[in-house]
Structures are given as C-alpha cells and as structure tokens.
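Work through the exercises below with the sequence and the coordinates open. Each task is followed by its solution in steps.

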Amino acid sequence: MRKLLAVWLGKALTVIGKIIGKKSSSSPGHYALKICPDLVRGLEKHISKGIIVTCGTNGKTTTNNLMASALEAKGYKVLCNRLGANMLSGVATTVLQEMNIFGKLKADYACLEIDEAYTPIVFEHIKPDVMVITNLFRDQLDRYGEIDITSDIIKRAINKVPGVKLVLNGDDPLCVQFGAGENAEAYYYGISEQVLPQLDDTKEGRFCPVCGEEQSYNYYHYSQLGDFYCPKCGFKRPHIDFEVKDVSLDTPMKFTINGQPMSINYKGFYNIYNLIAVYGALNALGEDTNDFASLLTAYKPQIGRMQEYKFNKPVILSLSKNPAGFNQAIATVNTDKRKKDVIIAINDKANDGRDVSWLWDVDFDKIADENLNTLTTTGIRVYDISLRFKYAGINVNHITHDMAEAVSECLRTDSEVVYVLVNYTALYSTEAVLKRLGGEA
C-alpha cells in the first residue's frame with residue numbers, strides 16, 4: 001500500500017509540476033521515497049534484459065541518452081532519466097513516472113545516469129549489469145573535494161555489485177584503475193592515435209593512481225586523457241577493446257570504431273568518447289553493433305550540448321561545468337573559423353558549486369583567436385569571470401547581469417555566429433531567454 005501511495009503522490013506531483021512549468025525531474029521521487037523508501041529497490045526484477053548506469057564528470061548525460069536512443073532504435077522499451085536528474089530521487093522519479101497506477105513496470109532495458117557521489121547509495125537499491133565510467137576531472141570542489149575522494153566513492157560502489165561489467169575510458173588513468181578490482185569484468189575504449197596539437201594543457205589527473213609518480217605520455221588528447229604510462233611502476237594505458245582511429249574533425253566528424261566507419265554531425269572532439277562508450281556498453285550487453293552508425297541518426301542532443309538556435313545568425317548554447325569541460329568547449333569554438341561573438345555566463349548556486357576558484361584552471365587565454373569578434377561576460381559571478389579574463393590579458397567588450405541584453409547585443413554585431421558558454425544553473429534560464437527572443441532550436 002505504501003508503494004501505491006508513493007506512486008500516486010509522485011504522479012500527482014509530476015502533473016502539478018508540468019502545469020506550473022516545472023520539469024519535475026527530481027522532486028516527485030524525493031517525496032515518494034519518504035512514503036516508500038524501497039520504491040526503486042529491486043528494479044532489476046522489472047527489467048528483462050539489463051540495467052546500464054553511466055557516471056563520470058563530463059559526458060554522462062549525452063552518453064546515457066545516446067545509449068537509450070540506440071537501444072530504442074533496436075525496438076526495445078527503455079527506461080531512462082533523460083533530463084539528467086541523477087541522484088536517487090531522480091531515479092525514483094523516472095521509475096514512478098513509468099509505472100502504471102498499480103505500481104507495475106516492465107521494460108527491456110534501463111539506462112540510468114548516476115551522480116558519482118551517489119553511486120554507493122543508488123547501488124544499495126539497484127544492481128546494474130553494466131557500469132560506464134566516462135572520465136574523472138576536478139568538479140565542484142566544495143562538494144566532491146579532490147579527485148581521489150571521488151575515486152574512493154566509486155570504488156566502494158563497484159564493490160557493492162559483484163560481477164558488474166565495467167566499460168571504462170582506457171585513455172583516462174583514473175578510470176583505468178577501476179578495472180583492477182577482482183569482482184568486475186572490465187572493457188576499455190579509447191582513441192588510439194594523436195589527433196590534437198600537443199599543447200601545454202592542464203593535466204588534472206597527471207599523477208599515477210598506483211604509485212603517485214607523474215605520468216608520461218606518448219601523446220595526449222586533453223586534460224589527462226591519452227596514451228599514458230608511469231615511468232616508475234609500469235602502470236599504463238591498457239589494451240583497448242573498442243578502438244577509434246582515422247579521426248577527421250571536419251564537419252561532419254569521421255572516424256572508425258574497430259574498423260567500422262562512422263560519420264556524425266555532433267560538434268566537439270569529446271563526443272567521440274561518448275559514442276565509443278555507448279558502442280562498448282552495447283557490446284558488453286551482447287547487442288549487435290554492426291548497425292551502430294544507423295542507430296544514432298534519430299538522436300537529438302540534450303539542451304546545451306552545442307545546441308543551435310536559429311536567429312538572423314546561429315546562436316550555439318554549450319554547457320560547461322568544470323575546467324576540462326570549458327577547455328573542450330573553447331577548443332570546439334576555436335575550430336569554427338567564422339567571425340564569432342562569445343558570451344560566457346558563470347553562476348555559483350548550489351548545483352554549480354559555491355567555489356569558483358576552478359575558473360583559474362581554465363585555459364581562457366585560448367579563446368582569443370583571430371576570429372573572435374566580441375567577448376561578453378554575465379551571470380551571478382560576472383565580475384569573477386571578468387577578472388579572470390583581465391589576468392589572461394583578454395579584453396571583455398561587454399559586462400552585464402542580463403543574458404537577454406548580452407544575446408541581443410551580439411545579434412546586432414557583424415559576426416557570423418554567437419557561442420554562449422554557460423555553467424549548470426545558467427543553462428535553463430539561458431534557454432528560456434533564447435526562446436523568448438524568438439530563437440528556434
């Protein structure tokens with residue numbers, strides 16, 4: 001009876017939320033769990049083929065949603081928390097919204113994005129068959145602390161699910177370490193050639209997770225990702241099961257996975273990692289991937305994943321939450337050779353992390369390429385990001401707390417494209433501004 005009351009309450013809150021314009025991705029589950037704490041426990045009994053969880057600092061929403069889209073393209077019924085509510089309450093919301101009024105649920109697969117810090121809690125309720133770990137970067141220091149704390153949390157979670165299949169980024173030494181456990185079967189994916197210029201990038205996880213020595217690289221892609229090896233203890237990039245080669249970053253991007261040609265219209269080198277993570281997880285599940293390229297044609301990126309809005313010129317919205325994410329967003333902006341305006345919005349609400357010292361770890365100086373027309377700063381911490389640019393020696397053309405003003409100003413310039421780079425809590429308000437101004441996604 002408690003379960004039914006929880007489901008009914010959750011469904012009612014979902015309807016009320018939609019009426020008042022809320023996304024209702026987490027709060028219905030939060031209140032439903034107060035009535036029935038075991039609402040999602042034993043979910044695997046209702047999922048006939050398997051549960052895939054995805055965690056990691058960057059790319060987990062895209063990877064999780066790509067996974068769901070690929071499985072749905074195969075004709076499966078898939079349970080998925082697509083809006084990225086990735087704590088236990090978000091998972092509970094997804095489950096209760098898919099249940100009928102009698103609390104019954106049936107699906108072939110569940111694709112669940114999980115917050116790294118919540119993996120041990122969620123795994124008390126749900127036993128995944130496959131766990132994808134995309135990468136580990138510094139993120140929200142006031143919440144997570146340094147990377148080694150997050151690593152320890154994930155190790156505890158893995159120990160709770162003996163026999164889980166791990167699909168790990170083999171180019172990230174911090175992910176590779178999770179494959180050393182005795183109770184899990186590990187598969188690795190990676191990009192097996194030098195693609196990007198070997199610049200002096202910030203290597204956040206540059207120390208060996210086994211012995212602590214600074215690692216060396218035959219080549220690297222960004223942050224600590226690449227063909228690494230420890231000169232002291234011999235820890236190194238493992239054999240790669242799902243391997244990308246022949247990369248072209250032109251539009252559309254082209255590459256091969258295990259020799260299979262791929263062509264995608266998504267922007268950003270980092271999206272190749274998201275795609276091979278999905279490819280690896282499907283193989284770990286025993287699914288056929290000979291038609292992998294065609295499975296992705298129906299996928300539409302979530303809000304803020306280099307999402308384009310149509311005005312008199314394109315406005316491209318990109319979510320970046322930490323130094324690694326911002327560095328890759330800047331690199332993607334710089335591959336666009338059109339004359340461009342750039343807007344950067346930084347907030348410091350609870351979901352962003354109150355500590356914005358990470359701004360000093362971003363290579364903001366690289367945004368000043370020859371095609372930059374104007375630079376605008378905005379957001380709650382507009383003066384912090386403006387000061388960061390001052391120390392980088394880059395002129396900020398416009399400082400404002402008003403995103404609508406920032407976008408409107410850029411639409412009046414002679415640039416060919418506008419990029420809007422935002423952190424998490426600025427994302428949905430910026431989306432609302434772009435729609436209010438008449439942009440079509």
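## Exercises on a predicted model

**Exercise 1.** List the contacts of I257, leaving aside its neighbours within four places in sequence.

Solution. The coordinates come from a predicted model. With those neighbours left out, I257 is in contact with E243, V244, M262, I276, Y279 and F292. Next, place the residue: I257 belongs to strand 10, which covers residues 253–257. Then assign its burial class. The relative accessible area of I257 is 0%, and the limit for a buried residue is under 20%, so I257 is buried. Finally, take a distance along the chain: I257 and V362 are 105 residues apart in sequence, and their C-alpha atoms are separated by 31 Å.

**Exercise 2.** Determine the strand order of the open sheet of nine strands, and find which strands stand at the edges.

Solution. Reading across the sheet gives the order 2-3-1-4-5-6-9-10-11, and the pairing is mixed. Strand 2 (78–80) and strand 11 (260–264) each have a single partner strand, so one side of each has no neighbour in the sheet, and these two are the edges. From one strand to the next, the twist averages 20°.

Now take one pair from within this order. Strand 6 (residues 185–191) and strand 9 (residues 242–248) run parallel and are joined by three bridges. Across this pair, Y189 stands opposite F242 of strand 9.

**Exercise 3.** Identify which strands helix 9 touches and which strands helix 3 lies across, with one angle for each helix.

Solution. Start with helix 9 (residues 270–284), which packs on the sheet and touches strand 4, strand 5 (165–169), strand 6, strand 9, strand 10 and strand 11. Its direction makes about 150° with that of strand 6. Helix 3 (residues 60–73) lies across strand 1 (47–55), strand 2, strand 3 (107–113) and strand 4 (130–133). Relative to strand 3, helix 3 runs at about 170°.

**Exercise 4.** Find the sign of phi for D246 and for N258, then locate and classify both residues.

Solution. Begin with the expectation: most residues other than glycine have a negative phi. D246 is not a glycine, yet its phi is positive, about 55°. N258, also not a glycine, has a positive phi of about 50°. For location, D246 sits in strand 9, whereas N258 is in the loop between strand 10 and strand 11. For accessibility, D246 reaches 52% and therefore counts as exposed, the limit being over 50%. N258, at 42%, counts as partly exposed.

Conventions:
Residues are numbered from 1 along each chain as its sequence is written. This is a predicted model: local features need pLDDT of at least 70, side-chain atom pairs count only at pLDDT 80 or more; totals for chains, interfaces and linings use all residues. Side-chain values use heavy atoms; hydrogens and water are left out. Helices (H or I, at least four residues) and strands (E, at least two) are DSSP runs, numbered from the N terminus. Buried means under 20% relative accessible area, exposed over 50%, partly exposed in between (1.4 Å probe, protein chains only). Contact means heavy atoms within 4.5 Å. Two strands pair if DSSP finds at least two bridges between them. Axes are lines fitted to C-alpha atoms, for helices over the stretch in contact, and angles run from 0 to 180 degrees between N-to-C directions.
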